[in-house]
Number of protein chains: 2
Amino acid sequence: MVRAGLTVERVTIAGAELADEVGFEQVTMSEVARRLGVKDASLYTHVRNVEDLRGRIALLAADEKTVRIAEATAGRAGRDALVAFANAWRDYAREHPGRYTATQTPIQIDPELVAKAPGPRRAVELTYSMLRAYGLAEPDLTDAVRVLRSTFHGFVALEAAGGFAHERSPQQTWVRALDALHTLLEHWPPSREGDPK
Amino acid sequence: MVRAGLTVERVTIAGAELADEVGFEQVTMSEVARRLGVKDASLYTHVRNVEDLRGRIALLAADEKTVRIAEATAGRAGRDALVAFANAWRDYAREHPGRYTATQTPIQIDPELVAKAPGPRRAVELTYSMLRAYGLAEPDLTDAVRVLRSTFHGFVALEAAGGFAHERSPQQTWVRALDALHTLLEHWPPSREGDPK
DNA sequence: TTTCCATCCTAGGGGCTCTAGGATATAACT
DNA sequence: AGTTATATCCTAGAGCCCCTAGGATGGAAA
């Protein structure tokens, strides 16, 4: 009997590929085992359970997405950086829909696993440094980061769910949305504390 | 033997309640049946299968959310309407997380069922009419609608997934985000066609 | 060569989905 | 009121998935 040579990494990658093909929710132990030419019980040597596998896929995806964004924004600033950042984000989501979905599911991931993954923290740093050129100060900076993430994620999620009718291509809207976000960052409104109207 | 008095509506509502409690993905025929005091096979008289049930929950949620938004924005315009619209959206998502998730899953819903549901179409109309006060013309109007939906959905999705660290409350960011969107709509950038830099 | 351990297996319990076919409550009709 | 008809709900059972327990075996170290 030839050993399949399983490792946590290979199982996770197989799960990630499956997620991209059939959807993150359809990632199943049985199917992953089938693809690896192995009985499903064998996977439990490398992965605690399905939830654990899903968490690992999520972390893998977060890291991959972060790397993409880091590469895309390297050496850029201002609008160039914003556009590169946003396009890297959207491209990753479109190329790896299952992995991308994984990054957004509120699953309980093993904390020590998260600690080892560089993705999430680095992603935050990247976003802040990208916004540096716009000269925002806290707490506006945090708010701006959150608005950007919200809009990026919301757009790709709606696009993936078929939420945009076909009259106008999502691509056209995307380009204009980035214009809008750029001008928004350049003219971030002052706080309206005590300004009732 | 006393009849349980099942109908498609009662099954759908039970499913929606279950979704809010345990998450949309965890909505199961067996559990819905259990709650209704019925064997799971009995549900198939009223609902084709799980996918069908999920689709009905999604349509129910879409309608409910639309009604909320319609009530909230009635008689308002400009910033007032924008804020009311956004808050109604977010409040619905937070009160009914399972139902809200349902509205975002790209499931294949029975087309004739969709045709009977007034929610989706009305939601689009509401958004357009809310933006009327900002004086945008097509295609900017469509783009603005999409940006708003993206930001609203992205924000509540990230908030629900615990995507915002605890340094600053999501509520504070939300208020500022609405400010930002308002000013963005008032100063929607002109198209940069043929404007390379 | 022998030992040993990680890797992979078989066996099996429990849950969920869905179909087929049978019983019965309720409403309609005579 | 008695009968009929239909929708409602049931039992039985097959198939798939998750996961555990415990047994075999490949491959590397002694």
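The expected span of a helix is 1.5 Å times one less than its number of residues. Helix H10 of chain A, residues 170–186, meets this expectation in the predicted model. The helix has 17 residues, so a span of 24 Å is expected; the end C-alpha atoms are 24 Å apart, which agrees. Many positions along H10(A) are listed as buried, among them A:Thr173, A:Trp174, A:Arg176 and A:Ala177. Further along H10(A), A:Leu178, A:Asp179, A:Ala180 and A:Leu181 are buried. A:Leu184 and A:Leu185 are also buried.

A second buried site lies in helix H5 of chain A. This helix covers residues 78–95 and holds A:Trp89. A residue is buried if 20 or more other C-beta atoms lie within 10 Å of its own. A:Trp89 has 22 C-beta neighbours inside 10 Å, and therefore counts as buried. Leaving aside residues up to four places away in sequence, A:Trp89 touches A:Ile69 and A:Phe152. A:Val11 stands 78 residues from A:Trp89 along the chain, and their C-alpha atoms are separated by 25 Å.

Chains A and B meet in a contact that takes 34 residues from each of them. On the side of chain B that touches chain A, two elements give two or more residues: helix H9 (140–160) and helix H10 (170–186) of chain B. H9(B) provides the largest share, 14 residues. By class, this side of chain B has 15 nonpolar, 10 polar and 9 charged residues.

The two copies superpose. A turn of 180° and a shift of 0.0 Å along the axis lay chain B on chain A, with an RMSD of 0.0 Å. The copies are thus related as by a two-fold rotation axis. The same surface serves both copies, since 100% of the contact residues of chain B recur in chain A.

Both chains also border the DNA. DNA strand C is surrounded by 21 residues. The closest are A:Leu6, A:Ala41, A:Ser42, B:Met29 and B:Asn49. Three helices give two or more residues to the surface near this strand: H3 (40–43) of chain A, and H2 (29–35) and H3 (40–43) of chain B. The largest share, 3 residues, comes from H2(B). The surface near DNA strand C divides into 10 nonpolar, 6 polar and 5 charged residues.

DNA strand D has 20 residues around it. Here the closest are A:Met29, A:Ala41, A:Asn49, B:Leu6 and B:Ala41. Helix H2 (29–35) and H3 of chain A, together with H3 of chain B, each supply at least two residues of the surface near DNA strand D. H2(A) gives the most, with 3 residues. This surface has 9 nonpolar, 6 polar and 5 charged residues.

Backbone geometry adds one further feature in each chain. Most peptide bonds are trans. In chain A, the peptide bond from A:Glu138 to A:Pro139 is cis, with omega near 0°. A:Pro139 is found in the loop between helix H8 (119–131) and helix H9 (140–160) of chain A. In chain B, a cis peptide bond joins B:Glu138 and B:Pro139, and omega is about 5°. B:Pro139 sits in the loop between helix H8 (119–131) and H9 of chain B. H9(B) is also the element with the largest share of the side of chain B that touches chain A.

How values were computed
Residues numbered from 1 in each chain as written. Chains lettered and ligands numbered in written order. Predicted model: local features only at pLDDT ≥ 70, side-chain atom pairs only at ≥ 80, totals over all residues. Contact = placed C-beta atoms within 7 Å. Helix = DSSP H or I, 4+ residues; strand = E, 2+ residues; numbered from the N terminus. Nonpolar A, V, L, I, M, F, W, Y, C, P; charged D, E, K, R; others polar. Least-squares fit on C-alpha atoms with pLDDT ≥ 70 in both. Near = placed C-beta within 6 Å. Buried ≥ 20, exposed ≤ 12 C-beta atoms within 10 Å, placed from the backbone.
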